[in-house]
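Let's take a friendly walk through this fold, beginning with the sheet and moving on to the helices that pack around it.

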Amino acid sequence: MRIVVGISGASGAIFGIKILESLHELGVETYLIISDWAKATINLETNYSLKEVESLATVVHSKNNLAASVSSGSFRVDGMIIAPCSMKTLASIRVGFSDNLISRTADVMLKEHKKLILLTRETPLNTIHLENMLALSQMGVVILPPTPAFYNNPSCIDDVVNHIVARTLDQLDIENDLTKRWESKLKTINF
Ligand SMILES: Cc1cc2nc3c(=O)[nH]c(=O)nc-3n(C[C@H](O)[C@H](O)[C@H](O)COP(=O)(O)O)c2cc1C
């Protein structure tokens with residue numbers, strides 16, 4: 001299996017890193033593209049060096065290299081995850097702007113009808129953000145904001161992150177046991 005992973009400059013670089021780590025452990029071939037501002041958030045928000053993040057991927061492409069393999073629909077991949085996805089990258093994909101290799105590859109996913117999963121991160125959301133997400137959702141894109149779940153009683157940030165990573169891999173039907181699956185503990189319902 002071949003998956004493209006884009007990390008853009010929204011808060012939550014750890015989501016992209018943990019997705020890469022999991023795909024690496026599961027033996028999935030990954031093609032990594034990191035935006036300039038993602039390099040800043042990796043530095044600001046995590047203890048990972050850029051080199052450590054890049055070492056998790058099978059292939060690393062510069063975001064400026066529009067001649068990279070993944071820039072062409074003739075290069076076969078199974079899908080793309082952008083984690084986290086900034087509102088700028090979201091907007092660029094929505095209008096087909098293809099201004100760097102992340103948005104170009106996302107454009108290729110759309111034209112080739114491949115799975116595209118966006119971990120969109122901003123809060124609060126303005127009308128532009130919402131409209132862009134709606135338009136892409138209507139084109140078949142999976143909009144997966146990395147919002148925490150509490151029904152599995154997370155006890156640390158790792159639990160919260162792993163839950164989002166698991167739900168992301170679920171979208172690609174990649175088997176994983178990163179999180180507890182929902183099993184109802186409710187014995188009775190009093191309404
Ligand atoms: C620490 C930090 C946190 C940011 N968080 C967000 C965010 O959560 N969502 C977002 O859309 N932009 C966020 N930004 C702004 C983006 O980095 C900026 O819009 C940038 O142009 C995105 O470019 P890219 O999508 O090519 O990475 C953040 C910037 C910094 C420095």
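## The sheet and its helices

In this predicted model, six strands make up an open sheet, with parallel pairing and the order E3-E2-E1-E4-E5-E6. Strand E3 (59-61) and strand E6 (142-143) stand at the edges with a single partner strand each, so one side of each is left without a neighbour in the sheet.

Strand E1 (residues 2-7) is paired with strand E2 (residues 29-34) in the parallel sense, over six bridges. For one residue-level landmark, look at valine 5, whose bridge partner in E2 is leucine 32.

Now for the helices on the sheet. Helix H5 (residues 101-111) lies across E1, E2, E3, strand E4 (79-85) and strand E5 (115-120). Helix H7 (residues 157-171) also packs on the sheet, where it touches E4, E5 and E6. Their directions relative to a strand, and that of H7 relative to helix H1 (residues 13-25), are set out here.

| Pair | Angle |
|---|---|
| H5 and E4 | about 135° |
| H7 and E5 | about 160° |
| H1 and H7 | about 60° |

How far apart are the axes of H1 and H7? They lie 10 Å apart, and the crossing of these helices is right-handed. On the H1 side, the contact involves Ile14, Phe15, Lys18, Ile19, Ser22 and Leu23; these meet Asp158, Val161, Ile164, Val165, Thr168 and Leu169 of H7. Sorted by class, the contact of H1 with H7 comprises eight nonpolar, two polar and two charged residues.

Terms used
Residues numbered from 1 in each chain as written. Predicted model: local features only at pLDDT ≥ 70, side-chain atom pairs only at ≥ 80, totals over all residues. Heavy atoms only, no water. Pairing = 2+ DSSP bridges. Helix = DSSP H or I, 4+ residues; strand = E, 2+ residues; numbered from the N terminus. Contact = heavy atoms within 4.5 Å. Axes fitted to C-alpha atoms, helices over the stretch in contact; angles between N-to-C directions. Left-handed = near helix turned anticlockwise from the far one by under 90°. Nonpolar A, V, L, I, M, F, W, Y, C, P; charged D, E, K, R; others polar.
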